[in-house]
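Open the model in your viewer and keep the selection panel at hand. We will go from one stop to the next, with a note on what to select each time.

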Amino acid sequence: MRFTSVSVAAALALVCASTSLSGQRPDNQIDPRSTALLQQGRAAQASGNIEGAVGLIESALVVDPRNRPAYIALADIARGQGLPGKSIRLYREALSLEPNDVVALKGEGEALVQKGAVTKARETLAKLKTVCGATCPASDELAASIANGPPVTATALQTPPAVPVPGKVAPTNQ
């Protein structure tokens with residue numbers, strides 16, 4: 001009698017685990033509707049309709065949140081719009097699905113350079129080199145982006161305003 005309740009509980013746990021696992025799709029099977037929406041979004045982007053492309057690609061992610069190419073496409077659009085923080089977040093979403101995605105690693109590194117985080121971009125380059133090797137074209141392109149450095153912004157070109165020194169009288173224009 002003591003073993004009956006334990007064996008019933010173990011059998012129930014085994015049945016629950018097996019039914020929940022058999023009901024899920026493998027990670028490499030993306031919903032075809034999501035893939036179709038992603039293709040429509042890429043077509044809209046190619047025609048210059050960025051807002052429409054973003055809407056379609058976001059819809060693709062609603063249909064199937066495991067659509068890694070959709071995250072990468074949104075991240076590329078955000079980086080092209082000068083939003084490196086948003087693109088870094090989207091690249092990391094793609095990397096959470098597949099940590100060794102070469103395209104996402106390269107894109108994240110370039111977005112980090114665009115943001116000015118060159119040290120983190122070098123760390124991403126090191127990971128990219130371990131994933132695809134030192135002769136990988138993606139690592140060469142990221143290394144070139146890091147060598148060029150972050151883009152110079154309009155505010156960096158302006159001269160800083162003069163800071164008054166305490167105790168000195170500023171000259172007046174007469």
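The tour below visits a helix and then some salt bridges.

Before you start, note that this is a predicted model, in which local features need pLDDT of at least 70 and side-chain atom pairs count only at pLDDT 80 or more, while totals for chains, interfaces and linings use all residues. Residues are numbered from 1 along each chain as its sequence is written, and side-chain values use heavy atoms, with hydrogens and water left out.

**Stop 1: helix 2**

Select residues 32-46, which form helix 2. Helices here are DSSP runs (H or I, at least four residues), numbered from the N terminus. The end C-alpha atoms of helix 2 are 21 Å apart, in agreement with the 21 Å that its 15 residues should span at 1.5 Å a residue; the expected span is 1.5 Å times one less than the number of residues.

Now show the side chains of Ser34, Leu37, Leu38, Gly41 and Ala44, the buried residues of helix 2. Buried means under 20% relative accessible area, exposed over 50%, and partly exposed in between (1.4 Å probe, protein chains only). Look down the axis of helix 2: its buried residues fall within an arc of 120 degrees, so they line one face of the helix. That arc is taken from the directions from the helix axis to the C-beta atoms.

What do these buried residues pack against? Add helix 3 (50-63) and helix 4 (68-80) to the view, since both are packed against by the buried residues of helix 2; contact means heavy atoms within 4.5 Å. Then turn to the face away from the buried side, where you will find the exposed residues Pro32 and Ala46. Just after helix 2, click on Gly48, which has a positive phi of about 100 degrees.

**Stop 2: salt bridges**

The whole structure holds 7 salt bridges, each a side-chain nitrogen of Lys or Arg within 4 Å of a carboxyl oxygen of Asp or Glu. Select Arg66 and Asp64 to see one of 3.4 Å, N to O. Asp64 counts as buried, at 1% relative accessibility.

Next, pick Glu110 and Arg79, whose side chains meet at 2.7 Å, N to O. Glu110 lies in helix 6 (residues 102-115) and Arg79 in helix 4, so this pair ties together parts 31 residues apart in sequence. Glu110 is buried, at 15%, whereas Arg79 is partly exposed, at 21%.

Keep Glu110 selected and add Lys106 for a salt bridge of 3.2 Å, N to O. Both lie in helix 6, 4 residues apart, about one turn of the helix.

Finally, add Glu141: Arg79, Lys106, Glu110 and Glu141 are linked in a network of salt bridges.

Terms used:
Helices (H or I, at least four residues) and strands (E, at least two) are DSSP runs, numbered from the N terminus.
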